[in-house]
Amino acid sequence: MRRMTGKTKLSITAITGSLLAVAFILYLVGLQQPNKIVLVISTVIAGYPILIKAIQALRMKAFSIELLVSIAIVGALYIGEYVESAIVSFLFLFGAYLEARTLEQTRSSLRKLIDMAPLEATVLRDGERRTLPVDDVLVGDLVVIQSGEKVAVDGKVVSGQAFINEAAITGESVPANKRTDDTVYSGTILDHGYIEIIAEKIGDDTTFAKIIELVEEAQESKTKTEKFLEKFANLYTPAIIVLSVIVYLFTWNIEFTLTFLVIACPGALVISAPVSIVAGIGNGAKNGVLIKGGEIMEKLAKVNTVVFDKTGTLTKGRPEVTNVKSFTMEENDLLRVVAEAEMVSEHHLGQTIVKEAKARSLSLRNKPDNAEIIKGNGIRVHIAGQQLTVGNRKLMMESGILISPEIDIYAIEREKLGNTAIFAAIEGRVEGIISIADQIRPEAAEAITKLRAAGIKQFYMLTGDNRYTAELVASKLGIDHVFAEMLPEDKVSKIQELQDAGKHVAMAGDGINDAPAIATADIGLAMGGSGSDVAMDTADVVLMADKLDQFAHAYSLAQTTVRNMKQNTFFAVGTVVLLLLGVILQKVFLASGMFIHELSVLIVILNAVRLVRYTSEQRHRNKSTASLPVREVV
């Protein structure tokens, strides 16, 4: 019955409410028999859907709250307590309607997302503009978007410029300026401007579709607390029926027994956890944070240690070549040959070198042969008949390539300035160093401060970069422990070591290179890259706007949601205990007991709805900044 549509509940509630009003008028004018008839009709109309729901649950071998209420209604009719039967059925139905209406608020974020789904797209085909249903758009189509229109696909801008509201994807309210080669996402809105994009992802493959799917799945998933309460309720309900029979056998008071039956309903208890979780997940989605379910929410609230990758997590992930140092050849010749080698690499530093070569209009004509990608260290290839080794110091040492003191001193100087030094060796001899630097995210320091104030005890940085650059970043952000020049498997081992020490670990990475570490941690958190597939698939929490302050919000939200869930559970149990005491002391009766019972359900829901409007600033507003501990560098 509690899954009936809102309109149906409202209609039946209105009818039974009107009948109760008529019955009251008949009572006032002294028409007792018509009054009883109207009360019975009202009971039947309101009680029928309750009884049907109870029977349906029994067929599924489940004991529902509706079963207890149905027994109470039938019992009240049997003993001639028509006023009690009518009021109990009306209050339960009216409570169910108000409950459904209020619960809708907790799912408002998902509903708003779904409402933003694009339905049509304007496509250029055969030189003509055609408006097509979004399902008819094909990968490779040229899609035109004008002011006020929704972006219907994920794609890359090939022409034009526009400001796009990406709040549905990232939670950011400030429009993003999109130009040629920038990526745009389905479900976003073009505020003003004009762009043409090439469709790269369509339909269910778009970032927007995946977000909706993930949020829907998350809201349906259950925490350990929810699973326990469901099992408890399934045992509790038949136990109450048996206990009611025992009460009747001892008291021979049917009205007292029926009141006991209704008062013992675990309605508020059953919904106390799920309503909080749904509201919390909805809040996260509204703020660009995808938390994949209630169990993840509970685990996130327990985290006391956070491990960060550096590049793409603490830094912007948009590194740039700051210097090309060649020892034996022209600077551009060195850059060109290294870029040719990196054409086969997917690593962000390799792609940065390729981008710099293209920016200098260098011709990358030679294709690398026998490419060997050494994960976490670099690449070894053959270019134009020569062996080229590009990577870090460790790769040079493992390849038996000597780094002279002069070259090493130069590399260290660049690293102390915050650069990553990429060594380039041809035929076993270091020919030059390409320096690459990345900027620290502007919100990183504040996010770490908020996380520390919220209860995170220690912060670690695990990076494959050199120790000088790692230490420089850590010193600016106040990170406790730094482990540099680590391979992906080293990061996994370190996380396992922390877990073995009893720490609840969250690992924050870019969702691609750090996938093994993210999967190993108690909570895997990915900088979503506005929805990279690996980030969504691997991580437990995805930050869609690629901003660390979203992590601070997610952590505070998880703690607040779990606390809200505990508040609801405590209140629900306390209400039942107090009502049972009232019944025993004969201070609470059938109708008044049902009223208080339904009121407790609504209070639990309203308490959870507060999470929809929750902001992390509410938690941090009056908190002082914690002192930064001494940093350990390894």
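Reader: Which residues form the negative surface patch?
Author: This is a predicted model, where local features need pLDDT of at least 70, side-chain atom pairs count only at pLDDT 80 or more, and totals for chains, interfaces and linings use all residues. Numbering runs from 1 along each chain as its sequence is written, and side-chain values use heavy atoms, without hydrogens and water. Patch residues have over 30% relative accessible area and no salt bridge, with like charges joined within 9 Å and nonpolar side chains (Val, Leu, Ile, Met, Phe, Trp, Tyr) within 5 Å; Asp and Glu count as negative, placed at CG or CD. Here the members are Asp135, Asp136, Asp204, Asp205 and Glu213.

Reader: Does Glu213 count as buried, partly exposed or exposed, and why?
Author: Glu213 is found in helix α7, residues 207-220 (helices are DSSP runs of H or I, at least four residues; strands are E, at least two). Buried means under 20% relative accessible area and exposed over 50%, using a 1.4 Å probe and protein chains only. Because its relative accessibility is 42%, Glu213 counts as partly exposed.

Reader: Which helix gives the largest share of the largest nonpolar core?
Author: A core joins buried Ala, Val, Leu, Ile, Met, Phe, Trp, Tyr and Cys through side-chain atoms within 4.5 Å. This one has 45 residues, and Leu300, Phe308, Ile479, Val541 and Phe551 touch the most other members. Its largest share is eight residues, supplied by helix α22.

Reader: How far apart in sequence are Lys491 and Asp309?
Author: These two form a salt bridge with closest N and O atoms 3.2 Å apart (the cut-off is a Lys or Arg side-chain nitrogen within 4 Å of an Asp or Glu carboxyl oxygen). Both Lys491 and Asp309 are buried. Lys491 sits in helix α19 and Asp309 in the loop between β9 and α12, a separation of 182 residues.

Reader: Which residues are linked with Glu331 in a network of salt bridges?
Author: Start with one pair: Glu331 bridges to Arg360, closest N and O atoms 2.7 Å apart. Glu331 lies in helix α13 and Arg360 in the loop between α14 and β11, so the pair ties together parts 29 residues apart in sequence. Glu331 is partly exposed at 35%, and Arg360 is partly exposed at 29%. The network links Glu331 with Glu356 and Arg360.

Reader: What is the N to O distance between Arg393 and Asp408?
Author: Arg393 in helix α15 and Asp408 in helix α16 are 15 residues apart. Arg393 counts as buried at 18% relative accessibility, while Asp408 is partly exposed at 24%. Their side chains meet in a salt bridge, N to O, at 2.9 Å.

Terms used: Areas by Shrake-Rupley, 256 points an atom, 1.4 Å probe, with all protein chains shown as cover.
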